[in-house]
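Me: I would like to learn how to read burial, salt bridges and helix packing from a set of coordinates. Could we go through one structure together, feature by feature?

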Amino acid sequence: MPRSVVHHAPPHAPPPDGALRTLLRRYRQAGEPVSCEPLTEGLLNRGYRLSTSRGRFFLKHHLDGDPDAIARQHAATLRLGALGLPVAPPVADDEGSTVAVLGGRCYALHPWVEGHHRDGGELTEAQSRRLGGLLGRVHVSLETVMEGESPEDAPQGPQEAATGRSPAPDAAADPEDTYALIEELLVLVRRRPRDAFDELAEHRLVERRALLEQHAHRRPPAAATPARGWVHGDFHPLNLLYRGAEPAAIIDWDRLGVRPRAEEAVRAAVIFFLRPDGTLDFTKIRPYARAYRRSTDAGPAELAAAVHRVWWERLNDFWMLRWRYQLGDHRADPGFPASAALAVWWTRAYEDVRAAFTD
């Protein structure tokens, strides 16, 4: 169940052989370890391709270390799988547990799913339609399988975890906070030896400040929050594996929680269908959004409200620059040019973007 390897991330070592053997003894069907290869360096978890004498598995190290929350995620994916959703539920150990705590660390063993990631540029219009329908099915099915569960908000994502920012889950960003952040980032950009990235960062920060000053009155009010419901929480190309033309598994349910559902649909589309020049591919967003609305009975007004809130979120969002300048973490750098251009283009093409999701 691989994710794209981040080649410039610092390597992380797999569990020692002794720990692996101790872990695998809990699973009668797992066999003896042969190799354990790191796949990705994550902020919420780490993943390994684990080969054993009896096959291949995906070993996940949950860095948050909350066994109860992890078990709830596992139970949800098991129930979703029973409904026919493409997921990769964990393997239960000999005592029926799907969470293994070893040395104070939480692990989960999953079947290996052969597949690859596909961004929106690789999807046809028909596949984009099926993608929207799939996310709609996830939201509707979660409503069923999570019935009776306490509606806790989704845990922090990597951006919030890295920066320490933890706003109320449905609160729209305060532009005054954003102005202060822009000034802080500009100081950091200007005090270092400059390269082309720094020049672009400074240009986009100054440009965004001017845009915010022009559009600050459009901050979404709390009353405009779309309907809340259970969501995957992190639905994007690296969390969806394809086998051929069809989705094989939705992975990484760490952010399972209750949030505005239509916002996840818009946010996912913006990630899937973002072009390198910072524009969105409307020819694929339209069938995607129509399929999502059909499968969830979400109306155009709900999608329009979600579009507005995600636009505002993007206008105030600088997590990629916070990673680079505040944390010294360059993993998000390659995505910055297109992401930063999107906020400017979206503001200019606001009505067209809304129409693409609501037509």
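The dialogue below takes up the chain as a whole, then a single residue, then salt bridges and a pair of helices.

Reply: Keep in mind from the start that this is a predicted model, and that every value we discuss is computed from it.

Me: What does the secondary structure of the protein chain come to, and what share of its residues count as buried?

Reply: The chain comes to twelve helices and nine strands, and 54% of its 359 residues count as buried. As for contacts, among those with a separation of 6 or more, 75% are accounted for by residues 24 or more positions apart.

Me: How should I read a single residue such as Thr 347: is it buried or exposed?

Reply: A residue is called buried when its relative accessible area is under 20%. Thr 347, which belongs to helix α11 (residues 336-348), counts as buried because its relative accessibility is 10%. Once neighbours within four places in sequence are set aside, Thr 347 is in contact with Leu 211, His 215, Trp 311 and Leu 315. A polar atom of the Thr 347 side chain also lies 2.8 Å from the backbone oxygen of Ala 343.

Me: How many salt bridges does a search of the whole structure find, and what is the general idea behind them?

Reply: Side chains of opposite charge can pair when their charged atoms come close. In this structure the search finds 26 salt bridges. One of them joins Arg 209 to Glu 183, with the closest N and O atoms 2.1 Å apart. Arg 209 sits in helix α6 (residues 196-215) and Glu 183 in helix α5 (residues 175-190), so this pair ties together parts that are 26 residues apart in sequence. Arg 209 is partly exposed at 23% relative accessibility, and Glu 183 is partly exposed as well, with a relative accessible area of 37%.

Me: Which residue does Glu 263 meet in a salt bridge, and are the two side chains' residues buried or exposed?

Reply: Glu 263 meets Arg 309, at 2.2 Å from N to O. The pair links distant parts of the chain, since Glu 263 belongs to helix α7 (residues 261-272) and Arg 309 to helix α9 (residues 300-315), 46 residues apart. Both Glu 263 and Arg 309 are buried.

Me: Where does the salt bridge partner of Asp 359 lie?

Reply: The partner is Arg 286, and the closest N and O atoms of the pair are 3.5 Å apart. Arg 286 lies in helix α8 (residues 282-296), while Asp 359 lies in the segment after α12 (350-358), so the salt bridge ties together parts that are 73 residues apart in sequence. Asp 359 is partly exposed, with a relative accessible area of 44%, and Arg 286 is likewise partly exposed, at 26%.

Me: Which residues are linked in a network of salt bridges?

Reply: The network links Arg 192, Asp 195, Asp 198, Arg 324 and Asp 333.

Me: At what angle do α6 and α10 pack, and which residues meet there?

Reply: For a helix pair, one reads the angle, the axis distance and the handedness, and then the residues that meet. Helix α10 (residues 319-327) packs against α6 at an angle of about 130°, the axes being 12 Å apart, which makes α6 oblique to α10. The crossing of α6 past α10 is left-handed. On the α6 side Phe 197, Asp 198, Ala 201 and Leu 205 meet Leu 321, Arg 324 and Tyr 325 of α10; Asp 198 and Arg 324 also belong to the salt bridge network.

Notes. Residues are numbered from 1 along each chain as its sequence is written. This is a predicted model: local features need pLDDT of at least 70, side-chain atom pairs count only at pLDDT 80 or more; totals for chains, interfaces and linings use all residues. Side-chain values use heavy atoms; hydrogens and water are left out. Helices (H or I, at least four residues) and strands (E, at least two) are DSSP runs, numbered from the N terminus. Buried means under 20% relative accessible area, exposed over 50%, partly exposed in between (1.4 Å probe, protein chains only). A polar contact is a pair of N or O atoms within 3.5 Å; within protein, one must be able to donate a hydrogen and the other to accept it, and residues adjacent in sequence count only if both atoms are side-chain atoms. Contact means heavy atoms within 4.5 Å. A salt bridge is a side-chain nitrogen of Lys or Arg within 4 Å of a carboxyl oxygen of Asp or Glu. Axes are lines fitted to C-alpha atoms, for helices over the stretch in contact, and angles run from 0 to 180 degrees between N-to-C directions. Angles under 35 degrees count as roughly parallel, over 145 as roughly antiparallel, 65 to 115 as roughly perpendicular and the rest as oblique. A crossing is left-handed if the near helix is turned anticlockwise from the far one by less than a right angle, and right-handed if clockwise.
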